[in-house]
Amino acid sequence: IIDYTYGREHTYYDGNGATLDHVDFSQPYCRLLRERLLQASVTANVAVIDGGVYGATQGPRLESAAEVDRLERDGCAVVGMTGMPEAALARELNLNYAAVCLVVNPAAGRSSEPITLENMQAAMATGMLDIQKILRAALSA
């Protein structure tokens, strides 16, 4: 994860009654949970890409083509508006956390077609069926 967000509550340690704790965030996602989700995708016969850097952007607007270029130069493989601070907060609470990302648009400047809400909603409706299959397989394992 690369966190490009701002103004979000990003820690439980606000200095009021809680001891400051510097958590290791070298690997933001739980390895065992990731493996379980990857195995579940095989069981559910859903093709996924294992790995990649998630760029968490502020939203709610989509990124500009120049911002997408920068995100790509930074090594981001997928961009979204959620994931941070959720991953860091989960780590602070010692909760297992992983992500299954659904790509709903090709990103600004990556397609000759305009990005529309209708196309994103259609991709989400179709893609969520696969996400549900993966989660069912993971929970039944």
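These exercises work through a predicted model of one protein chain.

## Exercise 1: The overall layout

Task: State how many helices and strands the protein chain has, and in which pattern they follow along the sequence.

Solution.
- Count the elements. The protein chain has four helices and three strands.
- Put them in sequence order. The pattern reads β-α-β-α-β-α-α.
- Add the dimensions. The C-alpha trace spans about 50 × 40 × 25 Å along its principal axes.
- Check burial. Of the 141 residues, 26% count as buried.
- Look at contact range. Take contacts between residues at least 6 apart in sequence: 74% of them join residues at least 24 apart.
- Finish with the surface. About 9600 Å² is exposed, and carbon and sulfur atoms supply 55% of it.

## Exercise 2: The geometry of helix 1

Task: Find the expected span of helix 1 and compare it with the distance between its end C-alpha atoms.

Solution.
- Helix 1 covers residues 31-43, which makes 13 residues.
- The expected span is 1.5 Å times one less than the number of residues. For helix 1 that gives 18 Å.
- The end C-alpha atoms of helix 1 are 18 Å apart, so the model agrees with the expected value.

Task: Explain why the buried residues of helix 1 line one face.

Solution.
- List the buried residues of helix 1: L37, A40 and S41.
- Look down the axis of helix 1. Its buried residues fall within an arc of 105 degrees, so they line one face.
- Recall the general rule. An α-helix has 3.6 residues a turn, so residues three or four places apart point the same way.
- Turn to the face away from the buried side. There sit the exposed residues R31, L32, V42 and T43.
- Name the packing partner. The buried residues of helix 1 pack against helix 4 (117-140).

## Exercise 3: The nonpolar cores

Task: Identify the residues of the largest nonpolar core and the element that gives the most to it.

Solution.
- The largest core has eight residues: L37, A40, A44, V46, A98, I134, A137 and A138.
- Helix 1 and helix 4 are the elements that give two or more residues to this core.
- Helix 4 gives the most, with three residues.
- A second, separate core has six residues, including Y29, A56, M84 and A88.
- Zoom in on A40. Beyond its neighbours within four places in sequence, A40 touches I134, A137 and A138.
- Compare with a general tendency. In soluble globular proteins, nonpolar side chains tend to be buried together.

Task: Decide whether S41 is buried or exposed.

Solution.
- Locate S41: helix 1.
- Use the cut-off. Buried means under 20% relative accessible area.
- S41 has 3%, so S41 is buried.
- List its contacts beyond four places in sequence: V46, V48 and I134.

## Exercise 4: T57 and its surroundings

Task: Place T57, classify its burial, and find its side-chain polar partner.

Solution.
- T57 lies in the loop between strand 2 (53-56) and helix 2 (65-73).
- Its relative accessibility is 8%, so T57 counts as buried.
- The T57 side chain makes a polar contact with the side chain of E63, at 2.7 Å.
- Set aside neighbours within four places in sequence. T57 is then in contact with Y4, T5, R8, E63, L71, V79, G80 and M81.

## Exercise 5: Unusual backbone angles

Task: Locate the cis peptide bonds that end at P60 and P85.

Solution.
- G59 and P60 are joined by a cis peptide bond, with omega about 5 degrees. P60 is in the loop between strand 2 and helix 2.
- The bond from M84 to P85 is cis too, with omega near 15 degrees. P85 is in the loop between strand 3 (76-80) and helix 3 (86-92).

Task: For N45 and A107, give the phi angle and say whether each is buried or exposed.

Solution.
- N45 is not a glycine, yet its phi is positive, about 60 degrees.
- N45 comes just after helix 1, in the loop that leads to strand 2.
- With a relative accessible area of 71%, N45 is exposed.
- A107 is not a glycine either, and its phi is about 90 degrees.
- A107 sits in the loop between helix 3 and helix 4.
- With a relative accessible area of 18%, A107 is buried.

Conventions:
Residues numbered from 1 in each chain as written. Predicted model: local features only at pLDDT ≥ 70, side-chain atom pairs only at ≥ 80, totals over all residues. Heavy atoms only, no water. Buried < 20%, exposed > 50% of the residue type's maximum accessible area, 1.4 Å probe, protein only. Polar contact = N/O pair within 3.5 Å; in protein donor to acceptor, adjacent residues only side chain to side chain. Contact = heavy atoms within 4.5 Å. Arc of directions from axis to C-beta. Areas by Shrake-Rupley, 256 points an atom, 1.4 Å probe, with all protein chains shown as cover. Core = buried A, V, L, I, M, F, W, Y, C linked by side-chain atoms within 4.5 Å.
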